[in-house]
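Please read the following briefing alongside the sequence and the coordinates, which are shown directly below.

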Amino acid sequence: MTTSPLADVRAGLIAVFPPVVAVVPFALILGQQATAKGLSPAEMLAMSSIVFAGSSQLIAVGLWSQPAPIAALALMALLVNLRHVLMGASLSGKIAHFGRLRPLAAFLLTDEAWALSERRAIDQPISRAFYFTVALTLFGFWQVASVLGTLLGAHLEHPEALGLDFAFPAIFIALALGFWKGARRTGPVLAASATVAVIVHATVPGAWYVIAGALAGIVAAVLAAPRATPAAAEEATP
Amino acid sequence: MTIDPVNLAAILAMGIVTYLTRIAGFLIADRLPKSGPVRVALDALPPAVLVAVVAPIVLSGPIEAVAGLATLLLAFRLPLIGVVVVGVGLVALLRLAFG
């Protein structure tokens, strides 16, 4: 099924609306925290546009001191963002046709853009128009909201009372269900991933739990896969 | 509107490292097979990553666990934005009542 670029832009805007609702309060909180650590609005803008990775930015601001601990911040960013390697590996073949835009697509890769693209890839190919509409919309809102947060920070002291921090997990739960292929195939993946992620999160500091949980999930997938079935027969099943 | 040079260096270091994590997946994926166990593993990656990110958040407290379960059930019925609105509203209400 092929669609026009304009229809894909519209589909991208519709798809990206819920994540924008979730990302804006997150970015406002980030800006407020950055101000409390003595970062200027210009520094916030530099970080949001150059790093453009929410969780690692929020943790970085928590670690920030004057002068900035460069090595610790870089190592933290590496650990928190290692999950991008897995996301990129999964997405790569689905955007092979992006050509020269692939390095830019990589720069704009976020949890939200990745999850929405993978969800769309279930039904139809990911077009450039769809991907960049989603990714650039998130980029734009991220810049504006994080800088705005540095300017209005004082009014946002208890955002958790509004439950806004739950928007992010709610989106991911709903998107994860889109990958459901039956209890026998997907059940073990989700169970293994959730169990290992929770255990590692409780016992190992840092963001290793995402990597550990994801690896447990894919090991479960390989073990649960029907071994006798030839790959060709599997492809034929809708 | 000032940028401290040490802060800028830290931001650049974070940015370079983060970009490497983003491009690395694209570079290794081109060498991966199109079928077999590695393919099965790659196909399972999206839900595995999503659940690994979310599970510790959902199990961080009773309010989050209740809201997480409700979100899961709602997600079979409602569009994404509806799930987010109801999930966020439920967490806010539960925190108001029990927080």
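**A buried aspartate and its surroundings**

D8(A) has a relative accessible area of 4% and is therefore buried, since the cut-off for that class is under 20%. This is a predicted model, and in it D8(A) belongs to helix α1 of chain A, which covers residues 5-36. Leaving aside residues up to four places away in sequence, the contacts of D8(A) are T3(A), R120(A), S127(A), A129(A) and F130(A).

**Interface between the chains**

- About 6,300 Å² is buried between chain A and chain B, and carbon and sulfur atoms contribute 81% of that area.
- The contact involves 83 residues of chain A and 62 residues of chain B.
- Although 6 salt bridges are counted over all chains, the rule finds 0 salt bridges across the interface of chain A and chain B.

**Helices covered by both chains**

- In helix α11 of chain A, residues 208-224, the 17 residues should span 24 Å at 1.5 Å a residue, and the end C-alpha atoms are indeed 24 Å apart, which agrees with that expectation.
- The buried residues of α11(A) include Y209(A), V210(A), I211(A) and I218(A), together with glycines and alanines such as G213(A), A214(A), G217(A) and A221(A).
- The cover over these buried residues includes α5 (83-92) and α10 (183-203) of chain A, and also α2 (37-58) of chain B.
- In α2(A), the buried residues are A42(A), E43(A), M44(A), A46(A), M47(A) and S48(A), and what covers them includes α1, α3 and α8 (128-152) of chain A as well as α1 of chain B.

**Backbone features in loops of chain A**

- Just after α2(A), F52(A) adopts a positive phi of about 50 degrees, although this residue is not a glycine.
- F52(A) sits in the loop between α2 (41-50) and α3 of chain A, and its relative accessible area of 4% makes it buried.
- Q66(A) and P67(A) are joined by a cis peptide bond with omega at about 0 degrees, and P67(A) is located in the loop between α3 (54-63) and α4 (70-81) of chain A.

**Salt bridges within the chains**

- D111(A) and R83(A) form a salt bridge in which the closest N and O atoms are 2.8 Å apart; because D111(A) lies in helix α7 (residues 111-123) and R83(A) in helix α5 of chain A, the pair ties together parts that are 28 residues apart in sequence.
- Both partners of this pair, D111(A) and R83(A), are buried.
- R119(A) and D123(A) meet through their side chains in a salt bridge with an N to O distance of 3.5 Å, and, being 4 residues apart in helix α7 of chain A, they are separated by about one helical turn.
- R119(A) is partly exposed at a relative accessible area of 29%, whereas D123(A) counts as exposed at 55%.
- In chain B, R95(B) and E64(B) form a salt bridge with the closest N and O atoms 2.9 Å apart; the pair links helix α4 (residues 80-98), which holds R95(B), to helix α3 (residues 62-74), which holds E64(B), across 31 residues.
- R95(B) and E64(B) are both buried.

**Nonpolar surface of chain B**

- I3(B), L8(B), L12(B), I16(B) and L20(B) make a nonpolar surface patch of about 430 Å².
- Within this patch, L12(B) belongs to helix α1 (residues 5-29) of chain B and, at 39% relative accessibility, counts as partly exposed.

Terms used. Residues are numbered from 1 along each chain as its sequence is written. Chains are lettered from A and ligands numbered from 1 in the order in which they are written. This is a predicted model: local features need pLDDT of at least 70, side-chain atom pairs count only at pLDDT 80 or more; totals for chains, interfaces and linings use all residues. Side-chain values use heavy atoms; hydrogens and water are left out. Helices (H or I, at least four residues) and strands (E, at least two) are DSSP runs, numbered from the N terminus. The expected span of a helix is 1.5 Å times one less than its number of residues. Buried means under 20% relative accessible area, exposed over 50%, partly exposed in between (1.4 Å probe, protein chains only). Contact means heavy atoms within 4.5 Å. Patches are made of residues with over 30% relative accessible area and no salt bridge: like charges are joined within 9 Å, nonpolar side chains (Val, Leu, Ile, Met, Phe, Trp, Tyr) within 5 Å. Accessible areas come from the Shrake-Rupley method with a 1.4 Å probe; for residues, only the protein chains shown count as cover. A salt bridge is a side-chain nitrogen of Lys or Arg within 4 Å of a carboxyl oxygen of Asp or Glu. Buried area is the accessible area (1.4 Å probe) that two parts lose on being put together, summed over both.
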